[in-house]
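Okay, hi everyone. Let me put the structure up, and then I'll walk you through the fold before we get to the ligand.

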Amino acid sequence: MKVLLINGSPHEKKCTYTALQSAQKGLEANGVAAEFFWIGTEPIKPCVACGACDTTQRCAFGADDGINTLIEKLQEVDGVIVASPVYYAGINGSLKSVLDRAWFAASSTYAFKPAASIVSARRGGTTVSLDQINKYFLVSQMPVVSSLYWPMVHGQTAEQVLQDTEGVQVAYQLGANMAWLLKSIQAGKQAGIVPVPLENRAWTNFIR
Ligand SMILES: Cc1cc2nc3c(=O)[nH]c(=O)nc-3n(C[C@H](O)[C@H](O)[C@H](O)COP(=O)(O)O)c2cc1C
């Protein structure tokens, strides 16, 4: 079993990464592998609602900037943790573009994979940012994993994040809890429990 750890910071190995490392430890201590995916520093185009993904389940720009690679990884792994630095009390803009495109193109194929969020802030805007990430999961039938507290760390350097012992512990427990849920789902599958049939979605725009 493997979980994808998406680092939504332009810093490959700073605060957000340090929080994800703690979740990685919680996963690995409980027998689940982890793979990092860093969104990088190159500009990432936003979703332009071209609709090409309706039929392809791939983003029209995704071959150029790695979003289609991310979509394929999301389809392969058993779970995902998305982590972001807090920017003006929300998630990093580049990460927003990544999530909009990867979810709009293929979120139906991520259904029933456990997911979790972590945010890193100097001081404020954490719960709004967690809520923002969780929205992608909650609209996609992805069970959201929780921890001892809302998964947030505080700091401007990796060293400061490590001083946030509660935040680091919460991230560790998040990884451990996700491992438990993944094993429970695997045991359920072996016992013949499969997701219930999906409703044929009523797609209305509040006009009828
Ligand atoms: C553009 C920008 C906006 C930020 N806005 C906030 C904010 O609203 N609240 C906050 O606590 N920290 C804010 N910060 C600080 C970062 O969220 C914080 O240092 C974070 O831990 C950095 O993570 P990283 O090292 O992984 O990039 C901001 C930083 C930047 C660059």
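So, what pattern does the chain follow when you read along the sequence? It goes β-α-β-α-α-α-β-β-α-β-α-β-α-α. Tally that up and you get eight helices and six strands. And just so you know, this is a predicted model.

Now the overall shape. The chain has 208 residues, and a compact globule with that many would have a radius of gyration near 17 Å; this chain has 17 Å, so the two agree. If you'd rather picture a box, the C-alpha atoms fill one of roughly 50 × 45 × 35 Å along the principal axes. As for burial, 43% of the 208 residues count as buried.

Next up, contacts. Take the ones between residues at least 6 apart in sequence: 77% of those join residues at least 24 apart.

Right, the ligand. How many residues surround it? There are 18, and the closest are Ser9, Lys14, Thr16, Pro85 and Ala121. Three elements give two or more residues to that shell: α1, which is 15-28, β3, which is 79-87, and β5, which is 115-121. And which one gives the largest share? That's β3, with three residues.

Last thing, what kinds of residues are in the shell around the ligand? By class, you've got seven nonpolar, eight polar and three charged.

To wrap up: a chain of eight helices and six strands, with 18 residues around its ligand. Thanks, everyone!

Note on methods. Residues numbered from 1 in each chain as written. Predicted model: local features only at pLDDT ≥ 70, side-chain atom pairs only at ≥ 80, totals over all residues. Near = placed C-beta within 6 Å. Helix = DSSP H or I, 4+ residues; strand = E, 2+ residues; numbered from the N terminus. Nonpolar A, V, L, I, M, F, W, Y, C, P; charged D, E, K, R; others polar. Rg over C-alpha atoms; globule rule 2.2 N^0.38 Å. Buried ≥ 20, exposed ≤ 12 C-beta atoms within 10 Å, placed from the backbone. Contact = placed C-beta atoms within 7 Å.
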